[in-house]
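This report describes selected features of the structure shown below. It takes up the nonpolar core, a helix, two groups of strands and the confidence of the prediction.

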Amino acid sequence: RFDKYEITYISLQQITVKDIEKERRINIKTNLAPEILKVEIKNNNFLVITTDNSLIVGDLTTQKYSEVPWNNSDSCRFDFNNLNTCLVYVNDEVAVIEFGNNEIIGYFRTEYCHPNLISARLFNKGNKSIKLIAYLIDPNTIYIHDLLSQSIIINYTNDCKIEYLEFGKSGNKLIYRDTSKKLNLLLLKNNINENVNDNSNNNEPYKSITILNLCSFVQWVPNTEILVAQSHQDLFIWYNLDNYQNPQVKPINGIIDSIAKNKGKIEIYINDDPNNDENTSVNGGNNYKIYLDENLVNLSIALDDKELTKALMILEYLPK
């Protein structure tokens, strides 16, 4: 039994996972092995099952699972930080598993097996399929690997060591921060929106832009193309990164602690006493919240999803 889930063995090959809070049961059976050997719940949401010759991983929220041939479970580390994806680290090799796909869709090697240094975007939407992964081949060089064509489509070298990278929701924008604390945006040109101005003669398949010279915090708003960052005592919000020159800027007193969605609203938590490790309440004076503009959030999501009618309706209610 785990915090939220109860595991029951139905047979040597099959288990039932019960969501205690939602009173929901899920049956999972191995199709590649005679016996389930071990069941684990990672991050209170992801399932890992090992057998003699296979590995089952899945998302208990979406109920998407994959069983792939596997025989090296003892030394594995699992990374569930990317939507619809499990990355399995074995020494310096990484296997990419897409939930719902019973084949490993890619392997690559890197010495930099840290969630802040690997980012994947795997999704299918209509006729569009994106399967990209970005990682470091050395401290300064980003590889972007297209898992559909099994080829390296971007090989970008930065002047300073890179300490953080992450794709936006659509996979055509990658942010990275280096050890000089510059925040940079890497635009993949084959996917760049026509509104992005590029007057250079650069024939590379990407465009790199520094968008902040000093960045102490950066994070995409989950499942959006909205970017939030801090520089000195200013909060920067890009509701539309195609227009990266014009973020909204708000002064803040403290440091950004986290971003969360609560009851449909995007909340940015600010800690005005970073030396205090206790999680005091907003009314207690050490933490307070800033809310993102709901209309601009919805507009960004509508534009990203190509829902132009919805975007026009939202625009009508925005201040002129």
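The largest nonpolar core has 22 residues, and those with the most contacts inside it are Leu235, Ile256, Ile268 and Leu292. A nonpolar core is here a set of buried Ala, Val, Leu, Ile, Met, Phe, Trp, Tyr and Cys residues joined through side-chain atoms within 4.5 Å. At least two residues of this core are supplied by each of β22 (234-238), β24 (255-262), β25, α1 and α2. The largest share, four residues, comes from α1. In soluble globular proteins, nonpolar side chains tend to be buried together.

The model is predicted: local features need pLDDT of at least 70, side-chain atom pairs count only at pLDDT 80 or more, and totals for chains, interfaces and linings use all residues. Residues are numbered from 1 along each chain as its sequence is written, and side-chain values use heavy atoms, with hydrogens and water left out. Helices (H or I, at least four residues) and strands (E, at least two) are DSSP runs, numbered from the N terminus.

Ile268 touches Val228, Leu235, Ile256, Ser258, Ile259, Tyr288, Lys289, Ile290 and Leu292, not counting residues up to four places away in sequence. Contact means heavy atoms within 4.5 Å.

**Helix α1**

Helix α1 covers residues 294-304, and Leu296, Val297, Leu299, Ser300, Ala302 and Asp304 are buried in it. Buried means under 20% relative accessible area, exposed over 50%, and partly exposed in between (1.4 Å probe, protein chains only). The buried residues of α1 pack against β12 (118-125), β23 (248-251), β25 (265-271) and α2 (308-317).

Asp293 lies in the loop between β26 (287-291) and α1. With a relative accessible area of 34%, Asp293 is partly exposed. At the start of α1, a side-chain oxygen of Asp293 reaches to within 2.9 Å of the backbone nitrogen of Asn295. Asp293 and Glu267 are 26 residues apart in sequence, and their C-alpha atoms are 10.0 Å apart in space. Just after α1, Lys306 takes a positive phi of about 60 degrees.

**Strands β4 to β6**

Strand β5 (residues 46-51) is mostly covered, six of its six residues being buried. Phe46, Val48 and Thr50 point one way from β5, Leu47, Ile49 and Thr51 point the other way, and all are buried. In a regular strand the side chains alternate between the two faces of the sheet.

Two strands pair if DSSP finds at least two bridges between them. The table lists three antiparallel pairings, each with one pair of facing residues.

| Strands | Sense and bridges | Facing residues |
|---|---|---|
| β4 (36-42) and β5 | antiparallel, six bridges | Ile41 opposite Leu47 in β5 |
| β5 and β6 (54-59) | antiparallel, five bridges | Phe46 opposite Asp59 in β6 |
| β18 (183-188) and β19 | antiparallel, six bridges | Asn184 opposite Thr210 in β19 |

β4 and β5 form a hairpin with three residues between them, and Asn43 in the turn has a positive phi of about 55 degrees. β5 and β6 likewise form a hairpin, with two residues between them.

**The sheet β16-β17-β18-β19**

An open sheet of four strands has the order β16-β17-β18-β19, with antiparallel pairing. Its edge strands are β16 (162-167) and β19 (206-212), each of which pairs on one side only. From one strand to the next, the twist averages 25 degrees; axes are lines fitted to C-alpha atoms, for helices over the stretch in contact, and angles run from 0 to 180 degrees between N-to-C directions.

Asn184 is placed in strand β18. With a relative accessible area of 3%, Asn184 is buried. A polar contact of 2.7 Å joins the side chains of Asn184 and Thr210. Such a contact is a pair of N or O atoms within 3.5 Å; within protein, one must be able to donate a hydrogen and the other to accept it, and residues adjacent in sequence count only if both atoms are side-chain atoms. Beyond four places in sequence, Asn184 touches Leu174, Ile175, Tyr176, Asp178, Ile209, Thr210 and Ile211.

**Confidence**

The mean pLDDT of the chain is 88, and 90% of its residues reach 70 or more. Over residues 192-201 the pLDDT is below 50, and this stretch has 10 contacts in the model beyond near neighbours in sequence. The value also stays under 50 over residues 278-284, for which the model has eight contacts beyond four places in sequence. pLDDT is the predictor's confidence in each residue, from 0 to 100. Where pLDDT is low, the predicted coordinates should not be read in detail.
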